[in-house]
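Dear colleague,

Please find the structure below, handed over for your use. A summary of the side-chain contacts found in it follows.

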Amino acid sequence: MAIAGQSHVEIYVFRRRPPRGRGGRAAVEFLCLRRTPDRTLGGVWQPVTGKRRPGERAVRAAARELAEETGLTPLRFWALETVAVYFDAAADRVRLLPLFAAEVGPRDRVLLSREHDAFRFLPAPRAAALYLWEAQRRGLVAVAREILARPALATALEVPFAPAGPRVSSRSPISRRAIRRRVTAG
C-alpha cells in the first residue's frame, strides 16, 4: 500500500441567508448536489467534488470544478487547513484530498452540469444527514471551525479565486457586479 498525492478536490459551498426577525443571525446553508442516476454512485448527495487534471494546481482544479458543476462564482474562497484522508481500495492507496470552501451570494443561481440532477441549500446538520461519506460530514465541521467561527483564521486561509474562462479580478467591484449578473441571470 502506498500514499497517493492529491488527485481530487472537494469544495464546500455555502451561503448566508438574511436573518429572520429583529436581532436574528444570518443562517448558513450548504450546497448539496445529487449525482445523476447513470453515474457511479448515482443518487448520492455530495458537495462539489472533482478530479485534478495532470499538472493542475489544487486551487485551480477547485475553481474549475466549482464553475463546471454549479456555474457559481464565489464572493470568497478558502483553502481549508483540514484535508480528507481516505483509502482507495481499488488502487490500494491512501489518498489525500484537499478541501476548499466557497461563499456565494444568497440569491446566486445554481446551474447544474450533467453530473448532477438536483441541488439543495441546507443547514449543516441536514446536509450532513444527506452525505454518504463520514469524511464529507467532517468537511462541514471543518468549514464551521476554520471559516465561520474564526474570522482571523478565515482571513489567513483565504485564496484568490480565478474563475474558469476569462480571467477577471475578484477584487474589482465592476468585475464582481458583472460576475454576479452572469450568475443570477436567466
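Which side chains meet in a salt bridge at 2.8 Å, N to O? They are those of Arg15 and Glu29. A salt bridge here is a side-chain nitrogen of Lys or Arg within 4 Å of a carboxyl oxygen of Asp or Glu.

Please note that this is a predicted model, in which local features need pLDDT of at least 70 and side-chain atom pairs count only at pLDDT 80 or more, while totals for chains, interfaces and linings use all residues. Residues are numbered from 1 along each chain as its sequence is written, and side-chain values use heavy atoms, with hydrogens and water left out.

The pair of Arg15 and Glu29 links distant parts of the chain, with Arg15 in strand S2 and Glu29 in strand S3, 14 residues apart. Strands (E, at least two residues) and helices (H or I, at least four) are DSSP runs, numbered from the N terminus. Arg15 has a relative accessible area of 12% and is therefore buried; Glu29, at 14%, also counts as buried. The cut-offs are under 20% relative accessible area for buried, over 50% for exposed, and in between for partly exposed (1.4 Å probe, protein chains only).

Strands S2 and S3 are also joined through aromatic rings, since Phe14 in S2 (residues 8–17) pairs with Phe30 in S3 (residues 27–35). Their centres are 5.9 Å apart and their planes at 50°, a tilted pair. Rings of Phe, Tyr and Trp (its six-membered ring) pair if their centres lie within 6.5 Å; planes under 30 degrees apart count as stacked, over 60 as edge-to-face and the rest as tilted. Phe14 and Trp78 are stacked, because their centres are 5.8 Å apart and their planes at 15°. Trp78 lies in strand S6 (residues 76–88), so this pair ties together parts that are 64 residues apart in sequence. Phe14, Phe30 and Trp78 form one aromatic cluster. Both Phe14 and Trp78 have 0% relative accessibility, and Phe30 is buried as well. In total, the structure holds five aromatic pairs.

The salt bridges number 12. Arg53, Glu56, Arg64, Glu65 and Glu68 are linked in a network of them. Within it, Arg53 and Glu68 have their closest N and O atoms 3.3 Å apart; Arg53 is in the loop between strand S5 (48–51) and helix H1 (58–70), and Glu68 is in helix H1. Arg53 is partly exposed at 47%, as is Glu68 at 35%. By contrast, Glu65 and Arg64, which meet at 3.0 Å, are both buried.

Yours sincerely
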